[in-house]
Number of protein chains: 2
Amino acid sequence: MANQKKVQQNTILDIAEALKLSPATISRALNDHPHVKEKTKNDVLKMAAQLGYRRNNMASGLRSNKTHTIGLIVPRISMFFHAEVITTIQNGLQKYGYNLIICQSNDSLDMEKELTEILLSSRVDGLIAACTLGTTDFSHFDKFLQNGTPVVFYDRVPLNEQKATIIKGDDFRGGYIATSHLIETGCKKIAHISGPLTSNLYQDRSAGFVKAMEQHKLSVNENWVFHQELTHANAREAMRKMFEGDVVPNGLFTDNDTSAIAALEFAREKGIDVPGELKIIGYSNDPRTSIITPAITTVEQFPDEVGKKIVEALINSLKNNTNITDERTVPITIPVQLIRRMTT
Amino acid sequence: MANQKKVQQNTILDIAEALKLSPATISRALNDHPHVKEKTKNDVLKMAAQLGYRRNNMASGLRSNKTHTIGLIVPRISMFFHAEVITTIQNGLQKYGYNLIICQSNDSLDMEKELTEILLSSRVDGLIAACTLGTTDFSHFDKFLQNGTPVVFYDRVPLNEQKATIIKGDDFRGGYIATSHLIETGCKKIAHISGPLTSNLYQDRSAGFVKAMEQHKLSVNENWVFHQELTHANAREAMRKMFEGDVVPNGLFTDNDTSAIAALEFAREKGIDVPGELKIIGYSNDPRTSIITPAITTVEQFPDEVGKKIVEALINSLKNNTNITDERTVPITIPVQLIRRMTT
DNA sequence: CAATTATATGAAAACGTTTTCATAAATTCC
DNA sequence: GGAATTTATGAAAACGTTTTCATATAATTG
C-alpha cells in the first residue's frame, strides 16, 4: 500500500501559534504593513520560511477581492505574432506580481464567450483579449467592465464603442506602405489577398490598399481582391483563380505571411518568376519569411512593442482604477515598418 | 466625474433569497447533487442565469480544496514543439473543466524555482513541467508531490528518481535513426551538433548517435561533436570551426532545427553543396524546415501525441489520486519518425 | 398503519486569509 | 507628570462557497 500521508500546508495560524502572536499580526507582517515592529516582521518572515509557509491565494483573494491574476484570450498561441506578444506580456506582468491565465479561443466565437465566463468565475483582476475574426458583437466583454475589471484589447479590437483600452497596429498604414511599395517597384496590376471584413484588421489594411491605389491612379480589379480566412489552402486557391485568366497580376499583397508563402510556392511550381513577373509582400514578419527562398518582403508589427504597451496600460488601469471613465478611450497605435527582402 | 458604480456580482445568497431556499440547496443544485429535486434544480439554474450568477472560484476552491486549475511550466511558448503541445493540453484539459496557468521559465532555473512557488501559492490541482536545460536537481518539485499534487514531466525530464509521471520522446531512437539515415545515404564523416549534456534529451540523442556510428564501425571525431546551447549563432560558429580544417564532415546531425537551418545557410554561403557535399538532418520538424530550400530532413516528435498523453496521465492521476505510490513510475515514451526531405 | 427507508431541505461550521474595530503600550507634548 | 498622540497588537467579522449534521417530508415496506 502506498503511503498516502499528505503533507499539510502550514497556515498563518501555525506561524501565529509558533510565535505566540495573533493571526492578524502575522498577516500584517507578511504584507509589510507599517504598523508592525521591524523585529516582529523579521521573526514572522523567518518562521514562515522555516515552516515552508506559502500564502493560500484563494483565501487571500476571497477576502481581499484581488486575485493577482490576469486573463488572456487569444485565438491561438502558436501564431508567431501572438507568441511574441504573450511572452512579453507574461514577463512584464510577472514583475508586478501578476499571474497570467492564457486561453485560446481557436478562433471560435463560442469558445471565446465560454472563456469570458470562465475568467469571470476566476475573478481575474484584468483581461487582455485579441478577439476572434468573427467577433463583431463584443458584449460578452461588458461584464468585466461593469464590475470594474480593466480590459485591454489588442490586434483584433472592437471598432468603436467600449470603455476598454485598445492597442492596435497601424493597419491602415501597413496596407498603404505595402501597396505603395509594390507600385513604386513597378507593379500596376496588383492583387490583394485579405481576411474577412468583419475584422478591423482587414478593413484597415484594405482601406490602406485602396488608398495607395487611388493615389497612384490605379484601378482595383475586384477579381483580384479576396476576403477569406487566411489559410495556406485558401491562398493557393486564390492564386489558381487569378492565374488561370488571360490578364494576370504582377503584384500581390497578402494580409498574412502564410498566404504570401503559399503564393510564392504556387509561383515556384508554375514557373512564375518572383520578383520578375510577380512581386509579393506579406504581413507580420513571420520567421518563415526570412528563411524561404526568395525571402519575402513583409510588414513588421513589433509584437514586443505591442506587449509592452499592453502591460503598461493594464498596470496603469489596475493602479489608478481609471478604467471606467466616461471619456471614450483613444486607441493606442503601434507603428509598422516595411521589411524589404527579395520578393519585391 | 466618472460613474464609478460597480456592478456587484450576485452570489449564491441572492439566488437563495430570490427563491426562498437556503444557500446549501442552491449550492447543491448548481453542482448537480443527486439529493435535489429536478424542479428545484431547474428553478435554481433559471434564476442563476437570470441574475447572471457566476461561481466565485476562490470561495469554491477555498472550501473544497480544488482549484480546477493546472499549472504549466515551459521554457518558452514560442518554441514550435511547445506551442503545439500546449495547445493540445489546453484543449484537452478544458473538456474536463480545468484551467491552465501557463508560465515560461525562459530557460532560467531561478525563474523555474520561482514559478513553482507561485503555482504552489495558487494551489494548482496539478502541475505539468518541461524543465530548463540546466535543471539537474528537481527538488523544487517535491513540494507538489508531498502534498499530493500530481506532477507530469515532459520533454526535459528528471533522469531517475521522482514519483511523477514522465512523458518523453524516444530521443535515443531519434538520434539513432537520424544518424543511421545519414550513414545509409553514404556519409562516413559525420558531425553532431548537440545540446548540453545536463539534459536527458541530448544525452539520449547523443547515445543514439554513438550507437549508430558504432554499429556501422564508424569512428566519432570528437572535434565534430558539440555540446552547446542550440542557438543559430552557436551552430554557425560550430560550422565555421569544422569547415576551416582540411578534413571536413559530409554528414551533419543537429539536435534542433534552428541549428540545422543555420548550418544550411552557412553551407549556402560557402558554396558547399547540400546534399551533394554535405547532408544535414535536424530535429523537431519545425515548420521552417519544410519551407527552406532545400527542405531539411528532420525527426518528427509528434507534439500532439505528447500533449494527449499528458492530459490522459494527468486526468488519471487527478481522478484516482494514484500519483503518490511507492512504485517508481515507468516513463511513457512517444515514438519518433524520420521525415526525409531534400538535405539527405 | 406503524416502521423503515429514501428524498429533499436547512442551519451552521468550515476553508485561510484580510480588515475593521478596539485596546494596550510606548512616545510625545505642554 | 498627566493628556494626547502614535505605535503595535489582538478579537472577531467577513469574503462566498461547500459540506456535515440534523430534520422534515414523502415513499415504501411488512
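User: Which residues are closest to DNA strand D, and how many surround the strand?

Analyst: First, what you're looking at: this is a predicted model, where local features need pLDDT of at least 70, side-chain atom pairs count only at pLDDT 80 or more, and totals for chains, interfaces and linings use all residues. Residues are numbered from 1 along each chain as its sequence is written, while chains are lettered from A and ligands numbered from 1 in the order in which they are written. A residue is near a strand or molecule if its C-beta atom, placed from the backbone, lies within 6 Å of it. DNA strand D has 27 residues around it, and the closest are R63(A), I12(B), A24(B), S27(B) and A59(B).

User: Which helices does that surface come from?

Analyst: Helices (H or I, at least four residues) and strands (E, at least two) are DSSP runs, numbered from the N terminus. For DNA strand D, at least two residues each come from α2 (23–30) and α4 of chain A, and from α1 (12–19), α2 (23–30) and α4 (57–64) of chain B.

User: And what surrounds DNA strand C?

Analyst: Around DNA strand C there are 27 residues, with I12(A), A24(A), S27(A), A59(A) and R63(B) nearest. Two or more residues each come from α1 (12–19), α2 and α4 of chain A, plus α2 and α4 of chain B. To read the chemistry, sort by class: Ala, Val, Leu, Ile, Met, Phe, Trp, Tyr, Cys and Pro are nonpolar, Asp, Glu, Lys and Arg are charged, and the others, Gly among them, are polar. The surface near DNA strand C then has twelve nonpolar, ten polar and five charged residues.

User: How many residues does each chain put into the contact between chains A and B?

Analyst: Contact here is a distance test: two residues pass if their C-beta atoms, placed from the backbone, lie within 7 Å. Chain A gives 44 residues and chain B gives 44 residues. On the chain A side, α4 (57–64), α5 (80–95), β2 (99–104), α6 (109–121) and α12 (287–291) each supply at least two. That side splits into 17 nonpolar, 19 polar and eight charged residues.

User: At what angle do α4(A) and α4(B) cross?

Analyst: Two packed helices are described by the angle and the distance between their axes. Axes are lines fitted to C-alpha atoms, for helices over the stretch in contact, with angles from 0 to 180 degrees between N-to-C directions. The axes of α4(A) and α4(B) cross at roughly 135° and come within 8 Å. That makes the pair oblique; under 35 degrees counts as roughly parallel, over 145 as roughly antiparallel, 65 to 115 as roughly perpendicular, and the rest as oblique. M58(A), A59(A), G61(A) and L62(A) of α4(A) make the contact with M58(B), A59(B), G61(B) and L62(B) of α4(B). By class, that's six nonpolar, two polar and no charged.

User: Where do α1(A) and α2(A) meet?

Analyst: I12(A), L13(A), I15(A) and A16(A) in α1(A) meet P23(A), I26(A) and S27(A) in α2(A). Their axes come within 8 Å and cross at roughly 110°, so α1(A) and α2(A) are roughly perpendicular.

User: Which backbone oddities should I look up?

Analyst: Try V274(A) to P275(A): the peptide bond is cis, with omega near 10°. P275(A) sits in the loop between α11 (257–270) and β9 (279–281) of chain A. Chain B has a cis bond from V274(B) to P275(B), also with omega near 10°. Then there's K217(A), not a glycine, yet with a positive phi of about 55°.
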